[in-house]
Amino acid sequence: MEKTVKIGLLGCGTVGGGVIIVLNENKEEIAKKAGCKIEVKTVLVRDKNKLKPEIEKYNIGYTDNLDDILNDPEISIVVELIGRVHPAKEYIEAALNHGKHVVTANKDVLADYGKALFTLAAEKKADFQFEGAVGGGIPIIRPLRSCLAANKISSLMGIINGTTNYMLTRMTEDGLSYGDALAEAQAKGYAESDPTADVEGIDAARKIAVLASLAFNTPLTLKDVHVEGIDNIEACDIEYARDLGYVVKLLGVAKNDPENGITANVYPVMLPKNHPLASVNDVYNAIYVNGDAVGDAMFMGRGAGRMPTASAVCSDIIDVSRNILFNACGRVNSNLFEKKKMCPPDKEMANCYFRLLVTERPGVLAAIASTFAAQQMSIASVIQKNVMDNGTSAELVIITNKVSKLSLDLSLRTLQVLPVVKKVCSVMRVEDPKL
Ligand code: NDP
Ligand code: HSE
């Protein structure tokens with residue numbers, strides 16, 4: 001085995017460090033599988049004096065100058081793991097323009113500039129791979145681009161943020177507060193450097209934009225995704241869900257309705273306890289795909305963390321190395337060959353859960369029901385449980401029949417100013433085929 005494929009690694013943090021460990025610890029087996037040796041030659045860091053002790057033992061060169069990697073003719077693959085949009089996007093472009101193949105796990109860049117980068121990579125006949133960008137260690141990008149390429153995909157529904165799934169699990173099963181659950185997820189290396197992207201649903205929105213683009217062959221960006229996070233979920237919503245036979249999950253949901261168009265959303269959803277996604281807990285992610293030929297398929301695994309994500313990134317590195325050996329780079333294109341329309345809000349339908357704090361007196365329910373009726377929203381069930389504030393306030397939980405997103409938005413605006421409604425505490429979609 002003569003050939004060695006050499007890597008320039010940008011960033012040596014959680015995932016970058018993991019890639020170095022996996023490529024070194026499993027090097028013999030990887031070389032046999034890839035058909036060549038694979039070596040990290042140079043790592044771009046910001047501060048050469050700040051190297052992590054577990055990485056220092058490997059024989060690798062470090063630089064704080066990107067040009068050392070771009071201008072090194074021995075380096076054929078640049079692996080971008082610095083995160084965030086800038087300067088990561090510019091570094092990826094520079095690598096492609098210098099004739100390098102690129103591997104990244106950066107969904108922030110992909111969700112904003114995916115199409116432009118796919119086009120640049122195609123022009124350069126370079127490989128551009130990003131298995132780690134969605135679902136951490138779960139194979140989902142390659143399945144969508146290759147294994148399921150024969151299908152027309154109609155929907156994707158997934159738990160695609162490990163931090164929030166970990167938090168919701170700890171809040172549901174162990175009664176942890178929101179703040180404690182977040183602190184644990186950060187300590188375990190699941191959260192983004194700014195965890196608001198996790199809890200506000202932005203990280204999941206970037207991922208659903210990437211997945212839906214590949215699944216529906218049309219470029220979607222973060223701006224095309226409607227986003228709601230878990231920051232308004234309270235312990236009592238989780239309890240109500242349990243009483244109703246549901247669990248609360250933050251889902252990315254994308255659908256392709258040939259008549260009305262594409263919908264792409266991230267929001268907390270009440271799922272029946274027997275739904276396959278309901279039992280996906282902790283940092284696990286799962287993506288549930290429906291294709292016309294394959295039917296339903298679910299991909300599950302660890303959605304964040306050093307080693308699972310390194311596993312995905314290294315799978316890309318091995319794939320690109322094989323393509324280099326066989327002179328077959330650039331063979332899998334991005335498939336973004338259509339420009340599909342987005343579904344208008346009056347055609348996007350869902351069942352909804354409302355938790356309202358209302359004045360406790362006769363006629364309140366009638367006032368709320370007429371607000372809903374004005375928006376053609378019909379009520380499937382109502383529960384009044386907690387009476388509080390010395391009997392002057394009550395908590396109402398309402399589940400609606402299928403309502404359009406437009407009706408939901410308009411009814412919310414009215415409820416927020418209705419004198420008998422003291423607070424709209426939370427709103428969630430309910431994905432229940434029985435409703
Ligand atoms: P970290 O913040 O742990 O690591 C990023 C590293 O890049 C840090 O060491 C940082 O250095 C370095 N860095 C940042 N900017 C530069 C720069 N301009 N030049 C050189 N080095 C730089 O992030 P992660 O490893 O967690 O994430 C990396 C990527 O992987 C991100 O795109 C993330 O979204 C993605 N990802 C992460 C997952 C996870 O579970 N962590 C899972 C899936 C994807 P310094 O220490 O000096 O700031
Ligand atoms: N912060 C992300 C998550 C990392 O929690 O899922 C994986 O992309």
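Guide: In what follows, a residue is near a molecule or strand if one of its heavy atoms lies within 4 Å of it. The structure is a predicted model, in which local features need pLDDT of at least 70 and side-chain atom pairs count only at pLDDT 80 or more, while totals for chains, interfaces and linings use all residues. Residues are numbered from 1 along each chain as its sequence is written, chains are lettered from A and ligands numbered from 1 in the order in which they are written, and side-chain values use heavy atoms, with hydrogens and water left out.

Visitor: Which residue has a side-chain N or O atom 2.8 Å from a nitrogen atom of ligand 2?

Guide: The residues around ligand 2 include K107, N161, D198 and K207. A polar contact is a pair of N or O atoms within 3.5 Å; within protein, one must be able to donate a hydrogen and the other to accept it, and residues adjacent in sequence count only if both atoms are side-chain atoms. A polar side-chain atom of N161 is 3.5 Å from an oxygen atom of ligand 2. The side chain with an N or O atom 2.8 Å from a nitrogen atom of ligand 2 is that of D198.

Visitor: What percentage of the accessible area of ligand 2 does the protein cover?

Guide: Accessible areas come from the Shrake-Rupley method with a 1.4 Å probe; for residues, only the protein chains shown count as cover. An oxygen atom of ligand 2 lies 2.8 Å from a polar side-chain atom of K207. Of the 250 Å² that ligand 2 has on its own, the protein covers 94%.

Visitor: What percentage of the area that ligand 1 exposes when taken alone is buried by the protein?

Guide: Among the 23 residues around ligand 1, those that come nearest are T14, V15, R46, K107 and G305. V15 places a backbone N or O atom 2.8 Å from an oxygen atom of this ligand, and E192 has a polar side-chain atom 3.1 Å from an oxygen atom of ligand 1. Taken alone, ligand 1 exposes 900 Å², of which the protein buries 81%.

Visitor: Is N106 buried or exposed?

Guide: N106 is found in the loop between β5 (101-104) and α6 (107-123) (helices, H or I, of at least four residues and strands, E, of at least two are DSSP runs, numbered from the N terminus). Its side chain makes a polar contact with the side chain of E80 at 3.3 Å, and a polar atom of that N106 side chain is 3.0 Å from the backbone nitrogen of V109. Buried means under 20% relative accessible area, exposed over 50%, and partly exposed in between (1.4 Å probe, protein chains only). At 4% relative accessibility, N106 counts as buried.

Visitor: Which helix gives the largest share of the largest nonpolar core?

Guide: A nonpolar core is a set of buried Ala, Val, Leu, Ile, Met, Phe, Trp, Tyr and Cys residues joined through side-chain atoms within 4.5 Å. The largest has 81 residues, and those with the most contacts inside it are F128, F130, I140 and L211. Its largest share, 10 residues (202-216 being the helix range), comes from helix α11.

Visitor: How many disulfides are there?

Guide: A disulfide is counted as a pair of cysteine sulfur atoms within 2.5 Å. The sulfur of C147 is 19 Å from the closest cysteine sulfur, in C329, and therefore too far for a bond. For C352, the closest cysteine sulfur is that of C343, at 14 Å, again too far for a bond. By this rule, the count of disulfides is zero.
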